[in-house]
Amino acid sequence: MKKVFVITGEYSGDIHAGHVVEILKSTNPDIEVQGIGGDNLKNAGATLFCDHTKMSAFGFNFKMAIEHLQLEKEVSEYILDEFKPDLVLLIDYGTFNLRVAKRLKGKGIKVFHYIPPQVWASRKWRIKGIKKFVDKVLCIFPFEVEMYKKEGIDVHFCGHPLVKQLPEKADREEFFQKHGLDLTRPLVSVFPGSRPLELFYLADTFIKSAKRLQKAHPELQFCISHAPNLSDKIFDKYVKETDFKVIKGENHALLSVSNSLILASGTVALEASLYQTPMIIGYQGPWFIYLVYLMVRCIKKVSLPNIITGKDIVPELVQAKFNTENICYETEKLLYDKEYREKTIKDLGGVKSCLTDKYSAQEVANCILASL
């Protein structure tokens with residue numbers, strides 16, 4: 001019996017892991033899969049070593065660092081001394097996963113990294129660790145391939161998972177009826193983030209901006225997205241009671257039926273671009289971390305639609321630019337400047353063409369099966 005161990009660090013990684021393991025198990029039911037993940041990985045047929053509650057964090061604090069180091073040690077020892085898999089699949093979550101890969105190096109276990117660290121965006125020196133500790137890189141952006149090949153790293157372009165996994169656009173009339181929204185009024189949706197510290201730094205300014213926009217434009221209606229991985233207790237702590245409708249666990253539908261979006265930076269921006277929904281990106285964090293980021297970044301763009309296309313399609317309001325005035329101005333422009341809005345929608349359509357129609361999870365599973 002062949003064995004595979006999968007390590008994810010966040011909700012999105014758990015989704016990708018679930019798809020890969022489903023294909024592995026359907027192709028070869030005798031493959032035993034264990035790992036760190038959530039419900040998606042578990043439901044696909046994997047046995048969880050632990051969930052990733054302690055891993056899904058943002059920023060840095062001493063307690064989190066200690067927990068990460070302890071978990072890194074425990075999972076590495078378990079992999080080497082007890083489970084002894086033929087292959088370990090690391091998914092995203094670069095810092096933790098590369099440290100685990102370092103511990104496994106030279107122990108006879110193949111290590112594949114799916115959705116590797118974005119070394120093209122910042123901290124290029126991390127590619128040295130990837131070359132040293134990872135046997136095969138499974139990348140999701142076409143421009144990554146040449147970069148890894150130049151370093152002599154075994155790389156396979158799998159395509160971006162969202163291209164095949166993203167649900168179709170929701171039926172606008174059904175969605176609006178379900179949530180008591182007015183079909184005759186434009187909908188602006190706010191996505192304040194999926195991590196507690198993102199809510200801490202972003203939610204208040206996002207909500208103040210929405211209130212200001214509604215006061216200036218009474219015809220607008222607003223929804224706030226509640227990320228499914230956040231408990232009500234955590235979400236309510238940072239997103240105080242408002243008159244705006246809160247919708248939990250329907251991110252994709254909400255992205256697809258909105259007229260405009262106010263988003264925290266992240267994968268959600270790529271999801272929105274594939275729906276061709278106009279958006280603005282807002283992001284802010286501790287100034288110390290931001291200054292460190294400025295020193296290590298390799299590109300100036302922060303949102304995936306802009307990075308992938310090489311164009312300034314999406315307004316990026318980061319750190320000093322992150323304020324109510326700028327958010328309102330850019331959102332009004334997207335809603336009421338017809339020519340600008342149409343150009344934005346057209347440009348967003350170019351994002352998908354820069355990716356591929358490959359089924360990413362199938363490509364990953366094929367690489368694993370071929371190796372096994």
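Which unit do β8, helix α9 and β9 make? I shall answer that in a moment, and I should say at the outset that we are looking at a predicted model. The answer is a right-handed β-α-β unit, in which β8, helix α9 (residues 196-216) and β9 take part.

Let me turn to the pairing within that unit. Strand β8, residues 187-191, lies parallel to β9, and four bridges connect the two. As one point of reference, Leu187 has Gln221 of β9 as its bridge partner.

On its way onward, β9 pairs with strand β10 (residues 245-248), again in parallel and again over four bridges. Here His226 is bridged to Lys248 of β10. Between these two strands the chain passes through helix α10, residues 232-238, and this β-α-β crossover is right-handed.

Now to the surroundings of β9 itself. Strand β9 covers residues 221-226, and six of its six residues are buried, so the strand is largely enclosed by the rest of the structure. This holds on both faces: Gln221, Cys223 and Ser225 are buried on one side, while Phe222, Ile224 and His226 are buried on the other.

I would now like to place these strands in the sheet. The sheet is open and has six strands, ordered β10-β9-β8-β11-β12-β13, with parallel pairing. At its edges are β10 and β13, the latter formed by 316-318, and each of these pairs on one side only. On average, neighbouring strands in this sheet are turned by 20° against each other, with direction ignored.

Further along the sheet, strand β11 (residues 260-264) runs parallel to strand β12 (residues 279-283), and the two are joined by four bridges. One bridge to note is that of Ala264, whose partner in β12 is Gly282. Helix α12, residues 267-274, packs on the sheet, where it touches β8, β11 and β12. The direction of α12 makes about 160° with that of β11.

Finally, I come to a pair of helices. How do the axes of helix α15 and helix α16 cross? Helix α15 spans residues 324-336 and helix α16 spans residues 338-354; their axes come within 6 Å and cross at roughly 90°. The two helices are therefore roughly perpendicular to each other. On the α15 side, the contact is made by Glu330, Lys333, Leu334, Leu335 and Tyr336, and on the α16 side by Lys338, Tyr340, Arg341 and Thr344. By character, the residues of this contact are four nonpolar, one polar and four charged.

Key
Residues numbered from 1 in each chain as written. Predicted model: local features only at pLDDT ≥ 70, side-chain atom pairs only at ≥ 80, totals over all residues. Heavy atoms only, no water. Axes fitted to C-alpha atoms, helices over the stretch in contact; angles between N-to-C directions. Parallel < 35°, antiparallel > 145°, perpendicular 65-115°, else oblique. Contact = heavy atoms within 4.5 Å. Nonpolar A, V, L, I, M, F, W, Y, C, P; charged D, E, K, R; others polar. Buried < 20%, exposed > 50% of the residue type's maximum accessible area, 1.4 Å probe, protein only. Pairing = 2+ DSSP bridges. Right-handed = clockwise from strand over helix to strand, strands pointing away.
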